[in-house]
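Trainee: Could we walk through this protein together, one question at a time?
Mentor: Happy to; let's look at it first.

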Amino acid sequence: MSGLPGDGLPGGVPHRRTGRRVEAAAPLDLSGAGRATAEAVRFLRECQGHGLSVRWRAAGTPSYDPAVLRHLPPPEELPADPDALAAWRADHTHGVLYHRRGPDFVTVLDRRRRGTAVRLTLDHPGLLGTFLRLLEPTPVAALDPVGREALALLTAERLVLACGGWAVTLPPRIRRWPVPCTAI
């Protein structure tokens with residue numbers, strides 16, 4: 001199993017990494033019941049950001065709209081909803097949702113809806129701070145009033161998954177593109 005400091009991936013999900021391939025050791029909880037879902041989303045987001053191929057299975061029935069995760073690699077199986085799995089596989093494309101960082105701002109590109117491209121710049125200190133803080137799964141109760149207000153706005157824009165008392169940022173920071181950047 002991996003999760004070593006040089007691995008580049010969060011250690012909350014047991015996994016094995018072989019070169020550019022990662023395999024989760026156990027099904028990832030997508031139920032939205034708490035921290036396990038937030039950790040699973042962070043793990044998948046980081047794999048996506050590093051351009052890794054991921055093999056994983058899902059467990060649990062999502063208590064949220066699973067379409068918010070379709071920018072992440074689809075699971076091998078989603079026993080709770082085969083139709084959602086088919087839609088996920090059909091809709092998934094690398095790089096449809098990601099963020100880039102600048103000094104005192106983050107830019108998010110969201111092309112999850114076909115035929116549209118939305119570019120958002122987060123430069124308000126409350127929004128930016130909350131977006132960056134939620135790169136690590138965080139209990140909603142740990143956020144101050146400004147953070148909770150920012151969480152509501154980021155969740156409404158589908159940039160954060162908040163469920164089961166936990167919240168996590170959805171857009172990966174793409175560190176490696178699968179083809180040369182001039183071809184995108």
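**Overall build**

Mentor: Of the 184 residues in this predicted model, 42% count as buried.

Trainee: Thanks! How many helices and strands does the secondary structure of the protein come to?
Mentor: Start with the overall extent: along the principal axes, the C-alpha atoms fill a box of roughly 40 × 40 × 35 Å. Within the protein, the secondary structure comes to four helices and eleven strands.

Trainee: What radius of gyration does the protein have, against that of a compact globule?
Mentor: A compact globule with 184 residues would have a radius of gyration near 16 Å. The value for the protein agrees with that expectation, as the radius of gyration is 16 Å.

**The mixed sheet**

Trainee: Which strands stand at the edges of the open sheet with mixed pairing?
Mentor: Three strands form this sheet, in the order β1-β2-β4. The twist averages 20° from one strand to the next. Each edge strand has a single partner, so one side of it is left without a neighbour in the sheet. The edge strands are β1 (15–18) and β4 (53–55).

Trainee: In which sense do β1 and β2 pair, and which residue in β2 is the bridge partner of R16?
Mentor: Strand β2 covers residues 21–24, and four bridges tie it to β1 in the antiparallel sense. H15 stands opposite A24 in β2. For R16, the bridge partner in β2 is E23.

Trainee: Which residue takes a positive phi in the hairpin of β1 and β2?
Mentor: Look at the turn, where two residues lie between the strands. The phi in question is near 65°, and the residue that takes it is G19.

**The antiparallel sheet**

Trainee: What is the strand order in the open sheet with antiparallel pairing, and which strands stand at its edges?
Mentor: This sheet has three strands, in the order β9-β11-β10. Two of them have a single partner strand each, so one side of each has no neighbour in the sheet. Those edge strands are β9 (138–139) and β10 (160–163).

Trainee: How many bridges join β10 to β11, and which residue in β11 stands opposite L161?
Mentor: β11 spans residues 166–169 and runs antiparallel to β10, with four bridges joining them. Opposite L161, in β11, stands V168.

**Two residues to compare**

Trainee: Is I174 buried or exposed?
Mentor: I174 sits in the segment after β11. Its C-alpha is 9.3 Å from that of L97, although the two are 77 residues apart in sequence. The relative accessibility of I174 is 15%, and under 20% means buried, so I174 counts as buried.

Trainee: And G115, buried or exposed?
Mentor: G115 lies in the loop between β7 (105–110) and β8. Its C-alpha is separated by 30 Å from that of R57, which is 58 residues away along the chain. With a relative accessibility of 87%, and the cut-off for exposed being over 50%, G115 counts as exposed.

**The largest pocket**

Trainee: What is the volume of the largest pocket, and which residues lie nearest its centre?
Mentor: The volume is about 490 Å³. Of the 18 residues that line the pocket, those nearest its centre are D110, R111, R112, R113 and R114.

Trainee: Which elements give two or more residues to that lining, and how many of its residues are charged?
Mentor: The elements are α2 (82–91) and β8 (118–122). By class, the lining has six nonpolar and three polar residues, while the charged ones number nine.

Conventions:
Residues numbered from 1 in each chain as written. Predicted model: local features only at pLDDT ≥ 70, side-chain atom pairs only at ≥ 80, totals over all residues. Heavy atoms only, no water. Pairing = 2+ DSSP bridges. Axes fitted to C-alpha atoms, helices over the stretch in contact; angles between N-to-C directions. 1 Å grid on protein atoms, 1.4 Å probe; cavity = no way out; pocket = protein on both sides within 12 Å on 5 of 7 lines; lining within 4 Å. Points joined across faces, edges and corners; volume = space filled by probe spheres on them. Nonpolar A, V, L, I, M, F, W, Y, C, P; charged D, E, K, R; others polar. Rg over C-alpha atoms; globule rule 2.2 N^0.38 Å. Buried < 20%, exposed > 50% of the residue type's maximum accessible area, 1.4 Å probe, protein only.
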